[in-house]
Amino acid sequence: MNKPFLQSMLLIVILTMSISVQAQALWGETTVGMTPSEVIKMVKGSHLIQDGSTLETGAKELAQLDDLRVLKELYKVKFYFIDDKLTQVTLNLNKERSFSLNLLVFQSLTDALSSKYGKAISRKIDSLTRLKTADAQWVSDGTNINLQVTAVGDVPTSLNLNYQLNLDPEKRLSTDAENL
């Protein structure tokens, strides 16, 4: 085969991979690479915010949805972007409570997520030390789904559910159950 043909084939493969990453589903109807304005058009009730948080990866919270109901609990949904492209969606339980009460919510969500995405690839609960943790993870069609609760002592804690594009670490940048 000649060199121009191989270069053309390589370009087609790269473009195809790029298009498939852009269409990668994250949470609900959102996809990786959406702009903040596309997210607020797609997700009813969501809105742009000015002073959102910034993750370790550099992703900035630019949009959010208040009071999404999932399994009788209310969550704030935060949309994180790098260079105005959606990279992560996080659901934060609105009500802080004790670790033991959050474990009940954790179990309900684990059951619902397992029915939607299959058995968790990992699930750990450590409530015997001062640092208490519960963590469950799934991978679905290239999306990492991570459910976590962390508490120090008896301080009220929060529960987070993250949806993030599944990338190798070197490639990473520095109403109810149907709502999962």
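**Notes on a buried salt bridge and the strands around S7**

1. Arg97 and Glu73 form a salt bridge, and their closest N and O atoms lie 3.0 Å apart. The two partners come from distant parts of the chain, 24 residues apart: Glu73 belongs to strand S3 (residues 73-82), while Arg97 sits in the loop between strand S4 (85-93) and helix H3 (99-117). Please keep in mind while reading that this is a predicted model.

2. How many salt bridges does the rule give in total? The count comes to 1, so the pair is worth a look in your viewer. As general background, side chains of opposite charge can pair when their charged atoms come close.

3. Are the two partners buried or exposed? Arg97 has a relative accessible area of 14%, so Arg97 falls under the 20% cut-off and is classed as buried. Glu73 comes to 18%, which is also under 20%, and therefore Glu73 is buried as well.

4. Now to the overall layout. The chain contains 3 helices and 8 strands, and along the sequence these follow the pattern α-α-β-β-β-β-α-β-β-β-β. Of the 180 residues in the chain, 36% are buried. The exposed area of the chain is about 10,900 Å², with 55% of it supplied by carbon and sulfur atoms.

5. Strand S7 (residues 143-152) deserves a point of its own. Why can S7 be called largely enclosed by the rest of the structure? Because 7 of its 10 residues are buried. When you inspect the side chains there, a general point may help: in a regular strand they alternate between the two faces of the sheet.

6. One pairing partner of S7 is strand S6 (residues 131-140): the two run antiparallel and are joined by 10 bridges. Within this pairing, Asp135 stands opposite Gln148 in S7. The hairpin of S6 and S7 has 2 residues between the strands, and in this hairpin Asp141 takes a positive phi near 45°.

7. S7 also pairs with strand S8 (residues 159-165), again antiparallel, through 7 bridges. Here Asn146 stands opposite Asn162 in S8. Which residue takes a positive phi in the hairpin of S7 and S8? It is Gly153, with a phi near 65°, in a hairpin that has 6 residues between the strands.

8. To put the S7 picture together: S7 is joined to S6 by 10 bridges and to S8 by 7, and 7 of the 10 residues of S7 are buried.

Definitions and conventions. Residues are numbered from 1 along each chain as its sequence is written. This is a predicted model: local features need pLDDT of at least 70, side-chain atom pairs count only at pLDDT 80 or more; totals for chains, interfaces and linings use all residues. Side-chain values use heavy atoms; hydrogens and water are left out. A salt bridge is a side-chain nitrogen of Lys or Arg within 4 Å of a carboxyl oxygen of Asp or Glu. Helices (H or I, at least four residues) and strands (E, at least two) are DSSP runs, numbered from the N terminus. Buried means under 20% relative accessible area, exposed over 50%, partly exposed in between (1.4 Å probe, protein chains only). Two strands pair if DSSP finds at least two bridges between them. Accessible areas come from the Shrake-Rupley method with a 1.4 Å probe; for residues, only the protein chains shown count as cover.
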